[in-house]
Amino acid sequence: MEIVFFTDSRHTGPMIGAFLNALGILAGALAGLTQRQALSARTQHFFRSALGIFAVFFGLHLIWLNVSGTFLNGVKQLFLSVLAIVLGNWIGKLARLQRFSNRVGSYAARLLKAAQKQPPGKPADGLLASSILFCAAPLGIIGAVVDGLSGYFYLLALKAVMDGLAMVSFVKIFGWPVAISALPVLVCFDAVALATHQYGAPYLDAHQWTDSVNIVAGFVTCATALVIFEVRRVELANYLPALALAPLLMRLLY
């Protein structure tokens, strides 16, 4: 008698992740405009802890939903996903993805520091800096891909809270025009989700490789918690190639 430990719980839903991300930014801007005092250290610690816990929860939840079949098949899926992450990280380092991400982030950080030294900052600089930081986040790219493949919008919902908290500070430095950064975030991640849904999902579903991409995304999301908790520095951008490697390894080795 064959023991089935994992079940295939296919999950589909509306692609609302990009909308939630933009909504979170607008909510953060509204909170920043109406709240005179900055968030206390205790409040910031609470949100950081909550975000880290939810990152682990949603990452593990995504893995659980996509590991299917018998126990042995589940172990194979997990092994190939971890292998994809290891090889993807290696490719990411060769392509210097994290270095490029750091360079872009450093440019945005310089705009923020200049505005903090001589407030108020220029609204155009604030809009550019916030748009770069929000759109270039690896969690946003991963969340948009997963949202397009399976309608799993929770990763972008998690990012919406992160961006909203950042926007509370940004709007105090640059003024209300910085909230317009919600628009490029909506366009960017909605485009990624739609392209993935339109072109990637049919091919991956036809070969039953969608689960492998989602499992890798779940592992990387869990790693995000290490960054949130400041346990260690994780070069998340270097793991992005793992999303493409996962179905390739499934084809070659599964």
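Where is Glu230 found? In this predicted model, Glu230 is found in the loop between helix 9 and helix 10, and its backbone has a positive phi of about 60 degrees although Glu230 is not a glycine. Most residues other than glycine have a negative phi. Glu230 counts as exposed, because its relative accessibility is 64% and the cut-off for exposed is over 50%. Arg96 likewise is not a glycine and yet has a positive phi, of about 55 degrees; the place of Arg96 is in the loop between helix 3 and helix 4, the latter covering 97–117.

## Overall build

The protein contains ten helices and zero strands, so that from the N terminus on its elements run α-α-α-α-α-α-α-α-α-α. With a radius of gyration of 19 Å, close to the 18 Å that the globule rule gives for 254 residues, the protein is as compact as a globular protein of that length. Measured off along the principal axes is not the only way to describe it, but the C-alpha trace does span about 70 × 35 × 35 Å. Of the 254 residues in the protein, 45% are buried. Among contacts between residues at least 6 apart in sequence, 85% join residues that are at least 24 apart.

The surface that the protein exposes comes to about 13600 Å², and carbon and sulfur atoms supply 67% of it. As for charge, the protein has 18 positive and 10 negative charges, and the mean positions of these two sets are 16 Å apart.

## The nonpolar cores

In soluble globular proteins, nonpolar side chains tend to be buried together. The largest nonpolar core here has 34 residues, and those with the most contacts inside it are Ile142, Val146, Tyr152, Leu155 and Val216. At least two residues of this core are supplied by each of helix 2 (41–66), helix 3 (71–95), helix 6 (138–150), helix 7 (154–174), helix 8 (182–206), helix 9 (210–228) and helix 10 (241–253). Helix 9 gives the largest share of this core, namely seven residues.

Which residues are in contact with Ile142, leaving aside its neighbours within four places in sequence? They are Leu155, Ala217, Val220, Leu240 and Leu243. Apart from the largest core lies another one, of 24 residues, among them Ala18, Leu112, Met167 and Val171.

## Individual positions

Ser150 has its place in helix 6, and because its relative accessible area is 3%, below the cut-off of 20%, Ser150 is buried. The place of Gly151 is in the loop between helix 6 and helix 7, and at 10% relative accessibility Gly151 also counts as buried.

Thr224 lies in helix 9 and, at 7% relative accessibility, counts as buried. Not counting residues up to four places away in sequence, Thr224 touches Leu139, Met162 and Leu236. Tyr107, by contrast, is found in helix 4 and is partly exposed, with a relative accessible area of 36%. With residues up to four places away in sequence left out, Tyr107 touches Leu128 and Ile132.

The table sets separation along the chain beside C-alpha separation in space for four pairs.

| Pair | Separation along the chain | C-alpha separation |
|---|---|---|
| Ser150 and Met15 | 135 residues | 8.4 Å |
| Gly151 and His197 | 46 residues | 9.0 Å |
| Tyr107 and Val86 | 21 residues | 29 Å |
| Thr224 and Ala206 | 18 residues | 30 Å |

Two of these pairs involve positions at the end of helix 6 and in the loop that follows: Ser150, in helix 6, has its C-alpha atom 8.4 Å from that of Met15 although 135 residues separate them along the chain, while Gly151, in the loop between helix 6 and helix 7, has its C-alpha atom 9.0 Å from that of His197, which is 46 residues away along the chain. For the other two pairs, Tyr107 and Val86 are 21 residues apart in sequence but 29 Å apart in space, and Thr224 and Ala206 are 18 residues apart in sequence but 30 Å apart in space.

Definitions and conventions. Residues numbered from 1 in each chain as written. Predicted model: local features only at pLDDT ≥ 70, side-chain atom pairs only at ≥ 80, totals over all residues. Heavy atoms only, no water. Helix = DSSP H or I, 4+ residues; strand = E, 2+ residues; numbered from the N terminus. Rg over C-alpha atoms; globule rule 2.2 N^0.38 Å. Buried < 20%, exposed > 50% of the residue type's maximum accessible area, 1.4 Å probe, protein only. Contact = heavy atoms within 4.5 Å. Areas by Shrake-Rupley, 256 points an atom, 1.4 Å probe, with all protein chains shown as cover. Lys, Arg positive; Asp, Glu negative; His and termini not counted. Charge placed at Lys NZ, Arg CZ, Asp CG, Glu CD. Core = buried A, V, L, I, M, F, W, Y, C linked by side-chain atoms within 4.5 Å.
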